[in-house]
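Colleague: I've just opened this one and hardly know where to start. Could you walk me through it?

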Amino acid sequence: MRATAIAQPNIALIKYWGKRDTANNLPAVGSISITLDGLHTRMTLSDESAVAEDVLVVNGKEDPAMLPRISRCLDSVGGRDRQRLRIESECNNPIAAGLAASASAFAALVVAADAVFGTSHNQLTLARLAGRASGSAARSLYGGFVELDKGDADIELQTLLEASAWPLTVIVAITTAGPKPVSSGDAMELSRQTSPFYGRWLEQQSEDLDAARSAIAARDFGRLGAIAEHNCLKMHSVMWASRPPMIYWNSATLACMQTVRELQADGLDVFFTIDAGPQLKAVCAPEHAAAVREALTATPGVTEIMQSDLGEGARILVD
Ligand code: PMV
């Protein structure tokens, strides 16, 4: 038995920040994201060597630290008495640096596990299981523009627009490639417990979701950019106001923001978003991608640039 799945990270335009149920990892708010195609995690599961315990190899190196989370996710797909597996993950984006590597990893994992265990779960069930492991991973089961509704008993998901229906390009400006100092899960809990803005964040999210949904339906770049930047800065304001404050940015993140403002002033279709890390993601019209890339490359403190168009949801790769 052997299966390989591939999944792409997704970037939230309307952010998931906060949990309503930590035990089941259910989000306190809905979110809207775009799935990328340039970055990926390829996950191969095999029981060929009939291993007694799961073994996790990430980019060619054993990774015992990450293994318990991976094993729990496999249990959720195949049951606790499932076959133990060798799990080989190959990822072409910096892990734990706010580039959604865990989203693509868990999305690929549930899809590959479903094939290896022969469980034939549907896409929504697999998305919910991925979401148990990493909230944002649920969205990487779907392609294009994806909405995650927080739902009542459990999350609901849908593609709002296919990737090909509104081509956009994402330029990622990497400012520090190391792992983030505090995980997004811990930072969310800190926000919930200590930020005076957390309650307002929850209250306003459905307005932002409505605005983004309508901008996407109308393919209105200006309106989508305005609401995405607002929602991103609001999420970071919640974090900045927590105790202790949670600041993921560095000076290069701010310099990149300034670069995007200058490009906007020159009339380019571009906006930024930033997740739980110091990297800035610039979303732009494909015809403006070369200029955005050049300007971000020249921004002081940017160490690396990655570029991606929009892509498909997680899927099995046939050898
Ligand atoms: O899925 P997690 O637990 O890594 O949380 C992701 C949180 C953000 O990336 C900051 C926002 C989002 O919606 O992806």
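Colleague: Let's begin at the ligand. How far is a polar side-chain atom of Ser-184 from an oxygen atom of the ligand?

Modeller: Keep in mind that this is a predicted model. Ser-184 is among the residues that come nearest to the ligand, along with Tyr-16, Ser-134, Ser-136 and Arg-139. A polar atom of the Ser-184 side chain faces a ligand oxygen, and the distance between the two is 3.0 Å.

Colleague: And how much of the ligand does the protein bury?

Modeller: Start with the ligand taken alone, which exposes 380 Å². Around the ligand sit 13 residues. Of that exposed area, the protein buries 90%.

Colleague: Which residue has a backbone N or O atom 2.8 Å from an oxygen atom of the ligand?

Modeller: There are two backbone contacts to look at here. For Gly-135, a polar backbone atom is 3.4 Å from a ligand oxygen. The 2.8 Å distance belongs to a backbone N or O atom of Tyr-16.

Colleague: How many residues in the shell around the ligand are charged?

Modeller: Sort the shell by class. Six residues are nonpolar and four are polar. The charged ones number three.

Colleague: On to the sheets. Which strands are at the edges of the four-stranded one?

Modeller: This open sheet has antiparallel pairing and the order β2-β5-β10-β11. An edge strand here pairs on one side only. That description fits residues 10–14 and residues 156–161, so to speak the two ends of the order: β2 and β11.

Colleague: What is the bridge partner of Ile-11 in β5?

Modeller: Strands of a sheet pair through backbone hydrogen bonds, either parallel or antiparallel. Here β2 and β5 (residues 31–35) run antiparallel, joined by four bridges. Within β5, Ile-11 has as its partner Ile-34.

Colleague: Which strands does helix α6 touch as it packs on that sheet?

Modeller: Two helices are worth a look. Helix α5 (residues 198–217) packs on the sheet and touches β2, β5, β10 and β11, with its direction at about 40° to that of β5. Helix α6 (residues 221–240) makes about 95° with the direction of β2, and the strands it touches are β2 and β10.

Colleague: There's another sheet too. What is the bridge partner of Thr-4 in β6?

Modeller: Six strands make up this open sheet, in the order β8-β7-β9-β6-β1-β16 with mixed pairing. Within it, β1 (residues 2–7) and β6 (residues 41–46) run antiparallel and are joined by six bridges. In β6, Thr-4 is partnered by Thr-44.

Colleague: What angle does the direction of helix α2 make with that of β6?

Modeller: Helix α2 covers residues 101–117 and packs on this six-stranded sheet. Its contacts are with β1, β6, β9 and β16. Against the direction of β6, helix α2 makes an angle of about 30°.

Colleague: Last one: which residue does a cis peptide bond join to Arg-243?

Modeller: Omega of this bond is about -5°. Look in the loop between α6 and α7. The residue joined to Arg-243 there is Pro-244.

Terms used. Residues numbered from 1 in each chain as written. Predicted model: local features only at pLDDT ≥ 70, side-chain atom pairs only at ≥ 80, totals over all residues. Heavy atoms only, no water. Near = heavy atom within 4 Å. Polar contact = N/O pair within 3.5 Å; in protein donor to acceptor, adjacent residues only side chain to side chain. Areas by Shrake-Rupley, 256 points an atom, 1.4 Å probe, with all protein chains shown as cover. Nonpolar A, V, L, I, M, F, W, Y, C, P; charged D, E, K, R; others polar. Pairing = 2+ DSSP bridges. Contact = heavy atoms within 4.5 Å. Axes fitted to C-alpha atoms, helices over the stretch in contact; angles between N-to-C directions.
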